[in-house]
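Me: I have a structure open and want to go through the ligand site. Can you take my questions one by one?

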Amino acid sequence: MKIVHVVGARPNFMKVAPTLDALAEHDAVEQLLIHTGQHYDHELSAAHVADLDMPEPDYYLEVGSGTHAVQTAGILTAIEPVLEREEPDAVLVAGDTNTALAAALAAAKLRLPVVHLEAGLRSRDRTMPEEHNRVITDHIADLLLTTSADADRNLVSEGIAADRIVLVGNTMIDSLRKYEERARELDLARREFGVEDHVLVTLHRPSLVDDEAAFGEVIETLEDLARTRSILFPVHPRTQRMLEGARLRPRALRLIPPQSYVRFLSLLVRAAAVVTDSGGLQEETTALGIPCFTLRANTERPVTISEGTNHLLGIGPGALERLRALLDVPRDPSPRIPPLWDGAAAQRAADAILRRYRRPEGATARFLVHGA
Ligand code: UD1
């Protein structure tokens, strides 16, 4: 049985790495890793691959940046011949990036079964590029592996057959648990940046950082809060460009370069609170019991609010007022963690993949999607 895993952007690596490991336990499984090159900066890509002990990619497609159409088309064109040559039994994609959408589409058109890891999340906000990626990827996937029961309900309500959906839990939390201790011992916040009980900030969504006025207000508020609290802000390249373009030069707020996986985790595990517009961080803070303040109008991860530590603040001046009011509220001493976010999700994902795509004894031909 041959499985191709496709990664390319930062949030893909920590979801796919544990799944690769879990499938590697099975001798009958051959695995290949394709990196699309959507992210190519060392800290966004190679440093994560190394930190997560992933194998070197078998194929690196060097697609790089561009408009959504250019990037998606680049991945489609570059990945198609690789999939044709390799003829895998299934192609695994993760999350809601352009990499996931394009790889899934190329595979589906070749009638190769697509496994979507982290299926079924919905923000119901079609102004988010990721929402299109989620919906389309789910509807062309053959096996949909979900992180929470609300995702299953979303998929069923959209007409996806229940027997193609398997609730496996959150493989990103598998990575977190695997490297948590190492990250804690590294103690980067104190050792390298000289701070304790810090607030960790990440902001990179176009809907926030590309709006100069709104982003300027966020920076002003964070700068003000940073006069009394230590705030560390690893800056995504898009956000860096915006800061430079708008000539924003905060002084109290500590801007630092993007961090590799374990270094970032080290800053996270010792944070007193997180302010973010990231999807993954809403989940990681929930797993760690750290209060998370999300500067977005909606979330595709409602379980982090109902069963976690996430506060959806919205965007705009009201959101910043809520942030000021809530930032110092004491931490919940016994936070809940969603079911199956237990560090063993990838094992369940591997089992689901094996159940569906294992070749019958003696068979050499691969399965085609939906029994075609
Ligand atoms: C992508 C994902 C987003 C995810 C984020 C994590 C999509 C649609 N979006 O957004 O869901 O939360 O990754 O980072 O897939 N750039 C660099 N170096 C790089 C990569 C990008 O400088 O290695 C700059 C380029 O100017 C590029 C911009 O960042 O145009 C945006 O990169 P892109 O991959 O298009 O999307 P992200 O904003 O990173």
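Me: How do the residues of the shell around the ligand divide into nonpolar, polar and charged?
Reply: There are 4 nonpolar, 10 polar and 7 charged residues in the shell around the ligand. Ala, Val, Leu, Ile, Met, Phe, Trp, Tyr, Cys and Pro count as nonpolar, Asp, Glu, Lys and Arg as charged, and the others, Gly among them, as polar.

Me: Before I go on, what kind of model is this?
Reply: It is a predicted model, where local features need pLDDT of at least 70, side-chain atom pairs count only at pLDDT 80 or more, and totals for chains, interfaces and linings use all residues. Residues are numbered from 1 along each chain as its sequence is written, and side-chain values use heavy atoms, with hydrogens and water left out.

Me: OK. Which residues come nearest to the ligand?
Reply: His 39, Tyr 40, Asp 41, Glu 130 and Arg 241, out of 21 around the ligand. A residue counts as near if one of its heavy atoms lies within 4 Å.

Me: And which side chain has an N or O atom 2.7 Å from an oxygen atom of the ligand?
Reply: That of Glu 130. For Asp 41, a backbone N or O atom lies 2.8 Å from a ligand oxygen atom. Both are polar contacts, meaning pairs of N or O atoms within 3.5 Å.

Me: Different topic: which domains supply the shell around the ligand?
Reply: Domain 1 (2-170 + 341-357) and domain 2 (181-326) each give at least three residues. The domain bounds come from an automatic or database domain assignment.

Terms used
Polar contact = N/O pair within 3.5 Å; in protein donor to acceptor, adjacent residues only side chain to side chain.
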